[in-house]
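Q: I'm new to this structure and would like a close look at one part of it. Could you pick a single spot and walk me through its surroundings?

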Amino acid sequence: DFLCISLVNGFTQLRYNLGDRTIILQTLQKVHANTWHSLNAGRVGNEGYLDLDGINVTRKASPGMNALDAHSDFFVGGVSSLNLVNPMATENEPTGFTGCIREIVINNRELNLTVTDPKGGANVGDCDGTDCGYTVCKNNGTCQVENSGFSCSCPREWTGIMCEQSIHCSQNMCGSHALCIPQPSSFSYTCACALGWAGKYCNNKIKFYIAKFVGNSYIKYTDPFYGKRDLRYSRLSLNFTTNQTEGLIVWMGKTEDEDNDFLAIGLANGTLKVVINLGERISVPLMHRKYFTCSDGRWHFIKVVQNQTCIKVYLDEELILFEDIDPQRKYTALNYGGICYFGGFESGRKVNIVTTGLFQTEFIGKIKDVVLFQDSKKIQLMKAEGYNIHDGNS
């Protein structure tokens, strides 16, 4: 499998192969030299699109493979060895790119094109040639080159050397264990408290064994034993209580792009909802209509057991769901990257967007007694990363 963008005789080409045939899209217009161009290219399933400066070319979906199983590094501008390039990926013999590239965004994540961020590279220079460069000034600030370096002219809502700070947070009183979250509608701010801290300005140290989520809360736990897990046989259990009918309780997975494996538990219309994706976006929502009692403010115990493609869901010790999500056994392991989110995601990342509509909102309620796989000890949520978690013991 491969996906490749290249220049061919002055035109831009997108080529991709998902395992059955090579699909080729080419722009209608030529690329003009010595001017910046905007290029959007990609695929949804096996339906491709290529957009150069707003002029779009698409290839409609057809029966066949629809997942990109490419396990190589991601190369920009060239490759470490030209024989790594699939013969069908370019029209002519592959050669390295000569020119300037900036603002590379893959699946909504921008790559940092710096000296230190990439895994490697060679023979790459600074294209801009000035202290301004690309996006030195944040939040649509305008950069001006000066004798001493550069200066930023900031939009009305932003301040700081690089327009990195909201004017609403310029005089904030948030403590050292807090993030200042601007609230432009009220010309104010709120303080988001790191785990173990609470209060209006996050100055009060707290301990908790029961995590209380208030809607703008999340915990991100990194599994220290991930490298030793047998990912064909995973298990997750916890206790939760809520009086809300919607909310993401836990997302076991990386959330970096659409092809990441995940196991998710949450509420939809008051009903327990479990979704699992072992690869190729096979994410069948498992719901049980009988149980509308999860939003009753009582404690409930949930356990999800994955035995390759067979999924069992227990609610309050009763087996409520048992399904084989892929009898063909194409993918059998939950490659979740060792990451578990509880209650929601990082600030600015909306649940309905990250989960592509599988869950609508952040969790409001309490979680305790989280156990991964068959570990003898519960997860210590206090030692994870997160914000706006309150002491649920009281």
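A: Let's start with Asp-223, whose side chain reaches the backbone nitrogen of Phe-225 at 3.0 Å. The side chain of Asp-223 also makes a polar contact with the side chain of Arg-229, at 3.0 Å; a polar contact is a pair of N or O atoms within 3.5 Å, where, within protein, one must be able to donate a hydrogen and the other to accept it, and residues adjacent in sequence count only if both atoms are side-chain atoms.

A quick word on the source: this is a predicted model, in which local features need pLDDT of at least 70, side-chain atom pairs count only at pLDDT 80 or more, and totals for chains, interfaces and linings use all residues. Residues are numbered from 1 along each chain as its sequence is written, and side-chain values use heavy atoms, with hydrogens and water left out.

Where does Asp-223 lie? You'll find Asp-223 in the loop between S17 and strand S18 (233–241); strands (E, at least two residues) are DSSP runs, numbered from the N terminus. Asp-223 counts as buried because its relative accessible area is 5%, and buried means under 20% (1.4 Å probe, protein chains only).

Now for the company it keeps. Leaving aside neighbours within four places in sequence, Asp-223 is in contact (heavy atoms within 4.5 Å) with Arg-229, Tyr-336, Gly-338 and Leu-372. Ile-339 is 116 residues away from Asp-223 along the chain, yet their C-alpha atoms are separated by 6.3 Å.

Strand S17 (residues 211–222) leads us on to the largest nonpolar core, giving four residues, the largest share. A nonpolar core is a set of buried Ala, Val, Leu, Ile, Met, Phe, Trp, Tyr and Cys residues joined through side-chain atoms within 4.5 Å. This one has 45 residues, and Ile-265, Leu-272 and Phe-342 have the most contacts inside it. At least three of its residues come from each of domain 2 (172–206) and domain 3 (212–391); the domain bounds come from an automatic or database domain assignment. Take Ile-265: leaving aside neighbours within four places in sequence, its contacts include Leu-236, Leu-248, Val-304 and Phe-359. There is also a second, separate core of 15 residues, with Ala-192, Ala-264, Val-275 and Tyr-341 among them.

To set the wider scene, the protein is divided into domain 1 (2–110), domain 2 (172–206) and domain 3 (212–391). The C-alpha centres of domain 1 and domain 2 lie 44 Å apart.

Key:
Buried means under 20% relative accessible area, exposed over 50%, partly exposed in between (1.4 Å probe, protein chains only).
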